[in-house]
Each structure stands twice: as structure tokens, then as C-alpha cells.
Amino acid sequence: MQPLSKTFVGRASLGQWRSGYSIPELLVVMTILGGLFFLGSDTLFAPQRTTISDTTVDTLVAEISNQQNKSMSGAIETGTVQSNYGIYFTQTSYTTFRGASYSAGNGTNFTTNLHTNLRFSTINLPSSQIIFATASGAIQGYSGSQNTVVIQDSLGSITKTLRFNQHGVVESVQ
């Protein structure tokens, strides 16, 4: 490839020119390459963000189903009385719990933190929790207008909405 210009380099002998690129030419090329990398980086990392959000949603749906199954089957972890089970949501985590309502100090609670790039942008549930009734597994205190949880990535480019029905089933993930 021929250089764009010839630059006088050193004093090997007067009037002798060596081929090479000038600093402005190198800066232009580096700027163009840097811009292309910047524009392409979003495309490079988008599949990773999608995979993380999909995995998080799948895990959350499995946890919800597990809590509902415990309520319906009568799983007894401590004591001898069948109990309700539920999930409590915060912006950066969700907690599975046993009992008629969430209690932060309960030692049987299990908290799962979301990936650092994800958060619950909307928690549209009564008291930010879902509690499953014993035997039936239906959501206690269900409200058709308060039945969604929205997970969003930090860039706002990926949003997943989980919608629940009165029977405790995740109706849709959009």
C-alpha cells in the first residue's frame, strides 16, 4: 500500500526522504477506527444483555412456580402447620418467604439479587408481594389492576413484563 505522503525523517543525508505516514494521517485513521468500534460495540454486547435478562426471567418464573407448589402441596419446613408461601420484590432483588406476609427478619427468607445490570423498574403488586393460598395456590388479595412486574436493563433497551392471573400463573412475558 502506498503511503498518503512522504515525510522527511532524520538526517541520514540531506534531501533524503523516507516513506511513512504523518501524525495527522495516523490520527484520522485511529479516529475513524475508534468511531466504528464505538458504533459496533452495542451490537457486540446486546446478545449478552438479552441472555442475562432471559435467564433472570426464567429463574424468577421457576421460583414463583416453586413457591406456589409449596403452598399447594402443603410443604412444611418448620412446625406442623401448612403455610402460605410468597415472593417479595424490591428494585434490585426478590425474596422467597414462608407465611401470610413478608417479614424482613424471618430466618427462612431467601433473597436473590438481580444481575447488576438489571432492576425491577415497576412492581405493580399489592404490598410488592405475591402470596399463594394454601391448597389452591391462588394469589391472595389478587387485583387485576395490580398484577405485573417489569424487569429492565440499565440501558433501558431490554424490558420484560411478567403478568400474573388470579390463579398464580404467569400469563405472559413480554
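**Exercise 1. Surroundings of Lys160**

Task: In this predicted model, determine which residues Lys160 touches, leaving aside those up to four places away in sequence, and state which side chain is joined to that of Lys160 by a polar contact.

Solution: Begin with the position of the residue, since Lys160 belongs to strand 9, which covers residues 159-164. Next, collect the contacts, which are Ser53, Asp54, Val57, Val149, Val150, Ile151, Val173 and Gln174 once residues up to four places away in sequence are not counted. Finally, look for a polar contact between side chains: one of 2.9 Å joins Lys160 and Asp54, and Asp54 is also among the residues listed as touching Lys160.

**Exercise 2. The sheet that contains strand 9**

Task: Give the strand order of the open sheet with antiparallel pairing that includes strand 9, and identify its edge strands.

Solution: The order of this open sheet of 4 strands is 6-8-9-10, and the pairing is antiparallel. Its edges are strand 6 and strand 10 (170-173), each of which pairs on one side only. From one strand to the next, the twist averages 20°. Turning to one pairing in detail, strand 6 and strand 8 (residues 148-153) run in the antiparallel sense over 6 bridges, and within strand 8 Val149 serves as the bridge partner of Ile123. Val149 also appears among the residues that Lys160 touches.

**Exercise 3. The sheet with the order 5-4-3-7**

Task: For the open sheet of 4 strands ordered 5-4-3-7, explain why one side of each edge strand is left without a neighbour in the sheet, and follow the pairings from strand to strand.

Solution: The pairing in this sheet is antiparallel. Strand 5 (110-113) and strand 7 (129-132) stand at the edges and have a single partner strand each, so one side of each lacks a neighbour in the sheet. The twist here averages 15° from one strand to the next. On the side of strand 5, the pairing with strand 4 (residues 93-98) is antiparallel over 4 bridges, and Tyr94 stands opposite Thr112 of strand 5. On the side of strand 7, the pairing with strand 3 is likewise antiparallel over 4 bridges, and there Tyr85 stands opposite Phe132. As for the faces of strand 7, both are covered, with Gln129 and Ile131 buried on one side and Ile130 and Phe132 buried on the other.

**Exercise 4. Aromatic pairs**

Task: Classify the ring pair of Tyr88 and Tyr102 and that of Phe89 and Phe120, and say where each ring lies in the chain.

Solution: A ring pair is characterised by two quantities, the distance of the centres and the angle of the planes. The search of the whole structure yields 3 aromatic pairs. In the pair of Tyr88 and Tyr102, the centres are 4.0 Å apart and the angle between the planes is 0°, a stacked arrangement. This pair links distant parts of the chain, with Tyr88 in strand 3 (residues 85-89) and Tyr102 in the loop between strand 4 and strand 5, 14 residues apart. The relative accessibility of Tyr88 is 21%, so Tyr88 counts as partly exposed, and Tyr102, at 24%, counts as partly exposed too.

For Phe89 and Phe120, the ring centres are 5.3 Å apart and the planes stand at 85°, and therefore the pair is edge-to-face. Because Phe89 lies in strand 3 and Phe120 in strand 6 (residues 118-124), this pair ties together parts of the chain 31 residues apart in sequence. Both Phe89 and Phe120 are buried. As a last step, consider the grouping of rings: Tyr88, Phe97 and Tyr102 are linked by ring pairs into a cluster.

**Exercise 5. Positive phi outside glycine**

Task: Locate Ser128 and Ala135, and decide whether each is buried, partly exposed or exposed.

Solution: Ser128, although not a glycine, has a positive phi of about 60°. Ser128 is placed in the loop between strand 6 and strand 7, and its relative accessibility of 21% is the reason why it counts as partly exposed. Ala135 likewise has a positive phi, near 70°, without being a glycine. The position of Ala135 is in the loop between strand 7 and strand 8, and with a relative accessible area of 57% Ala135 is exposed.

**Exercise 6. The chain as a whole**

Task: State how many helices and strands the chain has and in which pattern they follow along the sequence.

Solution: The count is 1 helix and 10 strands, and the pattern along the sequence reads β-β-α-β-β-β-β-β-β-β-β. Of the 174 residues, 32% count as buried. The exposed area of the chain is about 10,500 Å², of which carbon and sulfur atoms supply 57%.

Key
Residues numbered from 1 in each chain as written. Predicted model: local features only at pLDDT ≥ 70, side-chain atom pairs only at ≥ 80, totals over all residues. Heavy atoms only, no water. Pairing = 2+ DSSP bridges. Helix = DSSP H or I, 4+ residues; strand = E, 2+ residues; numbered from the N terminus. Axes fitted to C-alpha atoms, helices over the stretch in contact; angles between N-to-C directions. Phe/Tyr/Trp six-rings, centres within 6.5 Å; stacked < 30°, edge-to-face > 60°. Buried < 20%, exposed > 50% of the residue type's maximum accessible area, 1.4 Å probe, protein only. Polar contact = N/O pair within 3.5 Å; in protein donor to acceptor, adjacent residues only side chain to side chain. Contact = heavy atoms within 4.5 Å. Areas by Shrake-Rupley, 256 points an atom, 1.4 Å probe, with all protein chains shown as cover.
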